[in-house]
Amino acid sequence: MFVWLPEVASTYGPRIDHLFYIILALTGGSMILTEACLFWFAWKYRHREGRRAHYTHGNKTIEAVWTVIPAGILVMLTFMSKSVWDLVKHTNPPSDVNLLITASQFNWEVRYPGSDGKLDTPDDVVLNNEMHVPLGRPTHIMLRSKDVIHSFFLPNMRVKQDVVPGLTIPIWFEPTKAGNYEIGCAELCGFGHYTMHGILTVHPAEEYKAWLEQAEKEAGPQAAPAADEGPA
Amino acid sequence: MTQSHASAPDHGPTSFWTKYVFSQDHKVIGIQFMFVSFFFMLIGGFLAMMIRWQLAYPDRALPGGSLFPSSVLEEGHITPPVYNQIFTMHGTIMIFFVIIPMLTGAFGNYLIPLMIGARDMAFPKLNMLSYWVLVPSAFVILSSFFVPLGPAAAGWTNYPPLSYDPQWTGVGIGHTLWLVALLMSGTSSIMGSLNYITTIVNMRAPGMSFFRMPLTIWALFVTAILQLMATPVLASVLGMLLLDRTVGTHFFAPAGGGHVILWQHLFWFYSHPAVYIMILPAMGFVSDIISTFSRKPIFGYHAMAYSIMGIAGLGFIVWGHHMFQSGMNPTLGTSFMMSTMLIAVPSAIKTFNWLGTLWRGTIHFTTAMLNAMAFVSMFIIGGLSGIFMASTPVDIFIHDTYFIVAHLHYVLFGGSMFGIFASVHYWFPKMFGRMMSERWGKVHFVLTFIAYNLTFFPMHLLGMGGMMRRIYDPTQYDFLKPLQPMNIFVSMSAFTLGLVQLIFMLNFLISLFRGKKVDRNPWRANSLEWAAPSPPGHGNFETIPTVYRGPYEFSSPESKEDYLPQDVPSALPAGAPAGVH
Ligand code: HEM
Ligand SMILES: [Cu+2]
Ligand SMILES: [Cu+2]
């Protein structure tokens with residue numbers, strides 16, 4: 001029954017987790033300290049006949065100390081967070097794995113460029129709620145939505161990004177472990193929200209190539225998406 | 001004091017209608033708000049139980065569910081669309097019809113004139129109107145349960161396009177009614193806050209300088225300013241969506257040149273301050289209660305007042321922390337993270353000052369005090385868990401998971417609700433001239449405290465396990481299946497929590513008629529409301545009090561007693577130096 005963060009399987013995942021545990025340690029420590037003070041005071045200073053409370057309106061020095069220390073810790077956390085955030089959102093490691101994911105009620109459409117290497121052409125490979133990526137290479141994804149806001153959630157990769165109609169949002173991640181993982185939707189998108197469920201398969205490099213070739217063969221030539229089918 | 005209320009106490013209105021229904025007396029209006037909010041607490045709580053039943057037993061019919069018409073529950077089962085309606089209405093009702101009307105409507109109205117030494121609000125008619133706009137709003141939101149296709153289903157945050165077009169949610173008119181109800185309740189808020197600000201600025205008793213005001217008044221004052229500035233923004237955005245839904249404008253529809261994220265910016269520009277509207281007043285009340293029952297001046301009074309202002313001021317520049325994963329520019333995310341981290345500082349100051357107030361006090365564990373201490377204790381947890389979300393990268397994982405649900409209930413239930421329990425017990429004798437049962441109050445407190453923590457603490461773990469919020473059936477996901485025993489445990493605790501609230505309701509109702517009668521100042525407190533009779537008559541005070549000092553002179557060497565009310569000239573024999581505070 002004991003649960004913790006799910007298994008992590010992307011390059012930046014451990015850095016996010018690391019930050020999580022630092023914050024957990026800091027907040028956990030502060031919580032124990034302050035709660036302990038509260039209970040200790042409640043016990044020690046409970047009313048007893050004949051004792052009078054200490055008359056004071058405060059103490060400027062103590063107040064300054066307990067303002068500056070939390071402020072310092074928070075500034076530190078801000079800087080640590082910023083570097084991880086920049087890694088996730090502002091870096092763009094080059095890669096030839098590019099795919100387009102289009103969300104709609106209640107489906108993830110995953111589109112791969114075929115052998116021409118271009119998206120939205122007749123040789124695209126199109127899958128529903130099924131996603132395959134190679135191990136050890138950054139995967140670039142364009143996110144689009146056809147109807148409402150969804151949120152693309154790969155718990156094990158520590159990826160979550162709202163998918164917004166009218167916008168194309170680029171994200172990336174680099175898987176570090178082969179295997180099957182689940183895809184969820186994290187933003188309420190209608191009554192089928194809880195069913196917006198897909199599977200991500202991370203293949204070792206060779207296996208991925210074989211899979212892609214096979215998938216292309218199976219898909220055969222397809223019509224390019226009609227213009228009005230894309231997001232507005 | 002306004003002219004119409006300068007008359008002597010007993011000359012108020014005498015007919016039943018003008019006295020109890022269309023009353024212009026701030027105290028009656030306050031109590032009216034209180035009953036509305038109690039009523040909605042029952043509905044909101046009932047909806048919470050339905051949510052928890054569904055999450056524990058996704059494929060079992062609701063016990064007694066067959067009593068509902070089959071258009072609502074299919075053979076007693078909660079269906080996915082109905083589930084969305086349930087948590088949407090739970091959130092909406094708890095925020096807009098329970099917490100806000102209770103903290104600002106009920107306590108704001110009741111306490112402001114009494115605690116600053118005024119006979120009534122600045123605009124008694126406007127005050128009455130603010131209540132009589134809330135009542136129809138309550139009818140509108142309730143009526144949405146009974147229209148075809150049912151009430152709104154897009155979450156209390158109501159993001160378009162989901163909320164924009166009936167084809168996405170399957171909800172029709174119910175959604176429009178949701179918008180109308182919120183517009184009306186917002187109007188009520190605006191009228192109330194105008195009144196509070198004017199009253200506090202203009203009608204303080206002689207000697208009541210700003211820095212002699214109790215922190216309750218500081219909190220209500222700053223909250224009113226927040227409300228006055230933020231609510232019109234909510235009104236504008238509700239109006240835009242209403243137009244989108246009814247006459248076909250396209251503010252939020254990309255197909256018509258609108259922008260989806262515009263809603264989120266404007267909505268959170270109101271709703272982030274709104275979360276402070278839901279906690280600041282409670283912070284004020286709890287400060288007064290803690291000072292009274294530890295028989296000590298509040299530690300760092302000025303710092304407390306400035307923190308309230310700081311939280312409110314910063315509250316306007318942090319709204320984007322609800323939108324880190326929304327597709328907003330990530331650089332903006334960084335700046336919102338900075339402002340959000342800053343806002344944690346005044347919150348920390350307040351917490352430490354409460355601890356400082358307890359330090360070397362003589363603490364009386366009344367029911368009010370126990371609830372106030374629970375407020376502090378739970379606010380510590382809720383405040384600290386907020387830091388996880390403030391950190392943009394960590395928010396990537398926990399955003400829209402049960403971690404958020406845990407955090408928000410630690411602040412709203414652990415904070416606002418315990419603040420409300422504390423305040424109801426504390427001011428009940430003033431309001432009704434009788435005591436609530438301390439014994440039953442303590443039974444309610446202990447059971448609530450335990451059940452509440454067993455309900456909401458494990459939700460942090462559910463969130464860390466990755467469980468998304470607002471999902472109908474977590475067992476659809478393999479990675480969430482191991483969490484199901486914990487979901488069942490949480491639900492069991494929630495049912496207990498719901499049940500023990502009956503003790504509070506009964507205690508309240510029985511004490512109204514049977515409680516022990518009290519005189520003016522049963523808690524031996526200092527602020528001005530205790531100088532008025534219990535309950536105060538029309539016009540509040542026999543004569544307007546003069547204020548000589550701050551509200552926290554407990555255990556002062558100036559007085560033989562351990563308290564020294566604000567309106568008592570001096571407790572020492574003539575010739576001794578007068579108070580300086
Ligand atoms: C017995 C007490 C309560 C229980 C068991 C409870 C349970 C829940 C649960 C399970 C959810 C999440 C629904 C979901 O995401 O699927 C929720 C949402 C929420 N609750 Fe409560 N709740 C309780 C009391 C309160 C109180 C006192 C407040 C506030 C003042 C409150 C405010 C909210 C809000 C704002 C949401 C978010 C709604 C949304 O996602 O649209 N709840 N509650
Ligand atoms: Cu979705
Ligand atoms: Cu969804």
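A salt bridge here is a side-chain nitrogen of Lys or Arg within 4 Å of a carboxyl oxygen of Asp or Glu. The model is predicted, so local features need pLDDT of at least 70 and side-chain atom pairs pLDDT 80 or more, while totals for chains, interfaces and linings use all residues. Residues are numbered from 1 along each chain as its sequence is written, chains are lettered from A and ligands numbered from 1 in the order written, and side-chain values use heavy atoms, without hydrogens and water.

**Exercise 1.** Find the salt-bridge partner of A:Lys177 and place both residues.

*Solution.*
- Step 1: A:Lys177 pairs with A:Glu7, N to O at 3.7 Å.
- Step 2: A:Lys177 lies in the loop between strand 8 and strand 9 of chain A, and A:Glu7 in the segment before helix 1, 170 residues apart. Helices (H or I, at least four residues) and strands (E, at least two) are DSSP runs, numbered from the N terminus.
- Step 3: A:Lys177 is partly exposed at 36% relative accessibility, and A:Glu7 is partly exposed at 43%. (Buried means under 20% relative accessible area, exposed over 50%, partly exposed in between, with a 1.4 Å probe and protein chains only.)

**Exercise 2.** Work out how far apart A:Lys82 and A:Asp86 sit in helix 2 of chain A.

*Solution.*
- Step 1: Their side chains form a salt bridge at 2.7 Å, N to O.
- Step 2: Because they are 4 residues apart in helix 2 (residues 60-89), about one helical turn separates them.

**Exercise 3.** Decide whether B:Asp400 and B:Arg469 are buried or exposed.

*Solution.*
- Step 1: The two side chains meet in a salt bridge at 3.7 Å, N to O.
- Step 2: This pair links distant parts of chain B, 69 residues apart.
- Step 3: Both residues are buried.
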